[in-house]
Amino acid sequence: MTDYGLLFRELAIPRLVGTPNHLKVRGVLTRELRARGFQVEEHAFEGRPSAAFFGVPRTVRGINLIAPPIRPSARPSIWLVAHYDSKGQPISMAIRLIGFGMLVLGLVGLFLAVIPAVIVLAIAVAIVSQNRVNDNSPGALDNATALVAVFMTLDQLPRESTVGVIFPDAEEFGLVGARALAKDQPALFAAVSVVNLDGLDDTGRPTAFMHRPGPVGLAVAAALKARRWRWLPVIVDGLALSHVARECVTIMKGNWRTTTIVHRPADTAARVRLDGAALVAAGLARVLRGL
């Protein structure tokens, strides 16, 4: 019987790509997958981080974990996906979203020759300039909750299911791992549905980011009573994987307060009960058992 709280605390530690904790968490995930009978493959990659970040290396190297279905020779029908790296930033996601919104408004205002737009633009640039990366966030909500939810889901499925698991790396540098996997191994996703989990808070209603709608994603959204969106101002691995998958959805859970925690030192295991992870896992397992 898995102690999910203990597992959560093992995973919810600062784990910026390339750090000792990052390696430690990859080992924990490999251990847990193998304990459930999965064979684990490693996909090494390197790529350039997003130009939106400051103070990051020119090249990021990481390892995606791939665990095909347990049943021998079975092709996956579903990939459960959750990134395993974390990052800290000087300002929260909430402040960054405000900053980028003000930047857009300021640029539009300049184009229309509106004088106050200069002030708005100056404030926006000041906020956006803080988009630097550090290693001071334990990443409990983002994304240890989703990692635990994947194992909760697996533990409610029969061993003969055709569900596989992918834990992408370097998501926090701009989907580097997911983009590399989609480019290097597109056949993994041919005629397969992807369910990506990213940030499952105890509070707030589930959200289904429908990158490429399909029957599985719609069923999961219905089971969770999730709000469905075709566009959101967030960067998640589903954006990269949807280009090669039959269908793709990202499931998130939280509210505006959640965005004030993401990427901050306050994103600790102590503030999360895993109620959100358990709710999502139960709904997801119900859908997958019925396929």
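**Exercise 1. Count the helices and strands of the protein, and describe its overall burial and surface.**

*Solution.* Start with the secondary structure: the protein has ten helices and eight strands. Both are DSSP runs numbered from the N terminus, with helices being H or I over at least four residues and strands being E over at least two. Please keep in mind that this is a predicted model, in which local features need pLDDT of at least 70 and side-chain atom pairs count only at pLDDT 80 or more, while totals for chains, interfaces and linings use all residues. Residues are numbered from 1 along each chain as its sequence is written, and side-chain values use heavy atoms, with hydrogens and water left out.

Next, burial: of the 291 residues, 56% are buried (buried is under 20% relative accessible area, exposed over 50%, partly exposed in between, with a 1.4 Å probe and protein chains only). Then the surface: about 12,800 Å² is exposed, and carbon and sulfur atoms supply 62% of it (Shrake-Rupley method, 1.4 Å probe; for residues, only the protein chains shown count as cover).

Finally, contacts (heavy atoms within 4.5 Å): among those with a separation of 6 or more, 79% are between residues 24 or more positions apart.

**Exercise 2. Work out the strand order of the sheet and find which strands stand at its edges.**

*Solution.* Use the pairing rule first: two strands pair if DSSP finds at least two bridges between them. Followed across the sheet, the order is S1-S2-S4-S3-S5-S8-S6-S7; this eight-strand sheet is open and its pairing is mixed. Strand S1 (41-47) and strand S7 (227-229) are the edges, each with a single partner strand, so one side of each has no neighbour in the sheet. From one strand to the next, the twist averages 20°.

Now add the helices. H6 packs on the sheet, where it touches S1, strand S2 (60-67) and S4, and its direction makes about 110° with that of S1. H10 also packs on the sheet; its contacts are S3, S4, S5, S6 and strand S8 (247-254), and its direction makes about 165° with that of S5. For these angles, axes are lines fitted to C-alpha atoms, for helices over the stretch in contact, and the values run from 0 to 180 degrees between N-to-C directions.

**Exercise 3. Examine strand S3 (residues 78-81): are its faces covered, and which strands does it pair with?**

*Solution.* A useful reminder: in a regular strand the side chains alternate between the two faces of the sheet. In S3, Ile78 and Leu80 are on one side and Trp79 and Val81 on the other; all are buried, and both faces are covered.

Turn to the neighbours. Four bridges join S3 to strand S4 (residues 163-167), and the two run parallel. Ile78 has Val163 as its bridge partner in S4, and Leu80 stands opposite Val165 in S4. Four bridges also join S3 to strand S5 (residues 193-200), again in parallel, with Trp79 opposite Val194 in S5.

**Exercise 4. Describe the largest nonpolar core and the contacts of Leu197.**

*Solution.* Such a core is a set of buried Ala, Val, Leu, Ile, Met, Phe, Trp, Tyr and Cys residues joined through side-chain atoms within 4.5 Å. The largest has 54 residues, of which Phe167, Leu197 and Ile251 touch the most other members. Helix H5 (residues 140-154) gives the most to this core, ten residues.

Leaving out residues up to four places away in sequence, Leu197 has contacts that include Val81, Asn143, Ile251 and Leu284. Apart from the largest core lies another of 16 residues, among them Ile66, Trp79, Ala245 and Cys248.

**Exercise 5. Find the salt bridges, and determine where the partners of Lys87 and Asp201 lie.**

*Solution.* Apply the criterion: a side-chain nitrogen of Lys or Arg within 4 Å of a carboxyl oxygen of Asp or Glu. The whole structure yields eight.

Lys87 pairs with Glu172 at 3.7 Å, N to O. Lys87 is in the loop between S3 and helix H3 (93-111) and Glu172 in the loop between S4 and helix H6 (176-184), 85 residues apart. Both are buried, Lys87 at 4% relative accessibility and Glu172 at 3%.

Asp201 pairs with Arg271 at 3.3 Å, N to O. Asp201 lies in the loop between S5 and strand S6 (205-212), and Arg271 in the loop between helix H9 (256-259) and helix H10 (275-289), so the pair ties together parts 70 residues apart in sequence. Asp201 is buried at 2%, whereas Arg271 is partly exposed at 29%.
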